[in-house]
Amino acid sequence: MSRTVSQAARRAMYDQSTDEVFVILIEISRENDPANPIRAALDSENLDSKVTVSGTDTYPVAVTFAGGFFGIDLPEESGETSSTVRISIDNVDREIVVAIREATEPPEVRMWVVLKSTPHVVEAGPYYFVLESAEYDAQSVVGELTFEEVTNRKYPKHEFTPYLVPGLF
């Protein structure tokens, strides 16, 4: 699968040495406060971004992704099975545990990859996941992310009934 990346990203990947840094941004929805999801950046500093994908801003103004450590174990790209992604986040802010405890539905997780020098431009993503399970202790929160199951969705979404589409009948 081909992917379009910026000239700066391509230069950073091909240069023998570079000061450029790729940063992973994640956003975890909160059922009790959907307007304020949990946002984290895999960086030592907070990062402000509009998260621009293909020229369209995800947010009208830049939002802050809290800098911190989290680990992501990506699945192999076999293409034959839907895989899970394992994520581990330092439990420095109890908001994550509270959001997990209060959730009645699995939280949605979005992920993007940006360059630190151009945080508004998305180099890869967005990737959409669902947090299927999570475990936590005093040091970390570990969760299993699965890709949104689009193959089992009803298509088309609506049925063609006389009420919805009277012109067909």
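A pocket here is an open set of points, on a 1 Å grid over the protein atoms alone, where a 1.4 Å probe fits and which has protein on both sides within 12 Å along at least five of seven lines, and its lining residues have an atom within 4 Å of a point. The model is predicted, so local features need pLDDT of at least 70 and side-chain atom pairs pLDDT 80 or more, while totals for chains, interfaces and linings use all residues. Residues are numbered from 1 along each chain as its sequence is written, and side-chain values use heavy atoms, with hydrogens and water left out.

Select first Arg 39, Ala 40, Ala 66, Asp 93 and Ile 96, which lie nearest the centre of the second largest pocket, among the 17 residues that line it. Two or more lining residues come from each of strands S2 (38-42), S6 (63-68) and S8 (84-90) and helix H2 (95-102), these elements being DSSP runs (H or I, at least four residues, for helices; E, at least two, for strands) numbered from the N terminus.

Next, select H2, where Ile 96, Val 97 and Ala 99 are buried, that is, under 20% relative accessible area with a 1.4 Å probe and protein chains only. They lie on the same side of H2, because they cover an arc of only 160° around the axis, taken from the directions from the helix axis to the C-beta atoms. The buried residues of H2 pack against S2, S8, strand S10 (122-136) and S11, where contact means heavy atoms within 4.5 Å.

Finally, move to Thr 146 in strand S11 (residues 140-147), which counts as buried at 18% relative accessibility. Leaving aside residues up to four places away in sequence, Thr 146 touches Ser 83, Thr 84, Tyr 128, Phe 129, Val 130 and Glu 132.

Key
Buried means under 20% relative accessible area, exposed over 50%, partly exposed in between (1.4 Å probe, protein chains only).
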